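Reader: I would like to learn how to read a structure of this kind step by step, beginning with one element and ending with one residue. Could we look at it together?

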Amino acid sequence: MRIPARFNGPPGTGNGGWCAGAFATAAGARIGGEGVQVTLRVPPPLETVLELRDGSVWAGDTLVAEVAHVGEVDADVPPVPLEEAVAASKDYPGFAHHPFRTCYVCGPDRAPGDGLRIFPGPLPGDRTAAPWTVPDEVSAETMWAALDCPGGWTAIGGSGRPFVLGRIAATVGELPAPGSECVVVGALSGVNGRKATVDSTVYGPDGRRLARARATWLALVQ
């Protein structure tokens, strides 16, 4: 495997959701199949040869991630109407304060057609919502990426404090059609020290649930 530089999160390293999706797919995850959990041990390196060995992803002698099949992913965030998601997205905290402005998923400095440009804005109850126009090339990795940041921003909130993905368990039921308008929602499940547990769900234009995830995000020590 090799993570193309385009799919970055923090500068110089891979977006956690996209990389986790790539690792899960390499380990046998399938659309409509069981959930898979990916634990990131180091920031995924870009443009580096990676090898999957016995459920672990390695860059040479460095353990990058561990992958496990977990069956059902017990995480669901209730849907919101597209209009509500559009309104929430206008107040996306990352427009003003973003720790990683070129993030493939939620970076406001990514051009349309380049990044996913999912801008999750706040909703009551420690939730976020954002509209998402599905790109022409959509894959399982794209769906894992879409599930990533909308959950993480429930932990970041308006503080701008940098968090990074530590672990994510996801299941992708089906892929949306290119160009369709989906809604991605996130919810904060709990906080324990530097760790935040978050849930996220992608809903299709007809309101059907397409994918869901539960993740652990880690606040960086400043």
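Reader: Let me begin with helix H1, residues 16-26: is this helix mostly covered or mostly open, and how many of its residues are buried?

Author: Please keep in mind throughout that this is a predicted model. To read burial, one asks how much of each residue remains accessible, and a residue under 20% relative accessible area is called buried. In the present case helix H1 is mostly covered, since nine of its eleven residues are buried; among them are Trp18, Cys19 and Phe23, together with glycines such as Gly16 and Gly17.

Reader: Which elements do the buried residues of H1 pack against?

Author: Packing is read from contacts, that is, from heavy atoms within 4.5 Å. The buried residues of H1 pack against helix H3 (140-156) and against four strands, namely E1 (35-40), E3 (56-59), E4 (62-71) and E7 (163-172).

Reader: What is found at the start of H1, and what just after H1?

Author: At the start of H1, a side-chain oxygen of asparagine 15 comes to within 3.1 Å of the backbone nitrogen of glycine 17. Just after the helix, glycine 28 has a positive phi of about 110°.

Reader: Turning to the whole chain, how many helices and strands does the protein chain have, and in what order do they run?

Author: The protein chain has three helices and ten strands, and from the N terminus on the order is α-β-β-β-β-α-β-β-α-β-β-β-β. Its radius of gyration is 16 Å, close to the 17 Å that the globule rule gives for 222 residues, so the chain is as compact as a globular protein of that length. Buried residues account for 51% of the 222 residues, and of the contacts between residues at least 6 apart in sequence, 68% join residues at least 24 apart.

Reader: Finally, where is arginine 110 placed, and is this residue buried or exposed?

Author: Arginine 110 sits in the loop between helix H2 (82-89) and strand E5 (121-123), and with a relative accessible area of 8% it is buried.

Reader: Which polar partners does the side chain of arginine 110 have?

Author: A polar atom of the arginine 110 side chain lies 2.9 Å from the backbone oxygen of arginine 6, and a polar contact of 3.0 Å joins the side chains of arginine 110 and aspartate 114. Leaving aside residues up to four places away in sequence, arginine 110 also touches residues including Asn8, Cys103, Tyr104 and Arg117.

Conventions
Residues are numbered from 1 along each chain as its sequence is written. This is a predicted model: local features need pLDDT of at least 70, side-chain atom pairs count only at pLDDT 80 or more; totals for chains, interfaces and linings use all residues. Side-chain values use heavy atoms; hydrogens and water are left out. Helices (H or I, at least four residues) and strands (E, at least two) are DSSP runs, numbered from the N terminus. The radius of gyration is taken over C-alpha atoms; the globule rule is 2.2 Å times the number of residues to the power 0.38. Buried means under 20% relative accessible area, exposed over 50%, partly exposed in between (1.4 Å probe, protein chains only). A polar contact is a pair of N or O atoms within 3.5 Å; within protein, one must be able to donate a hydrogen and the other to accept it, and residues adjacent in sequence count only if both atoms are side-chain atoms.
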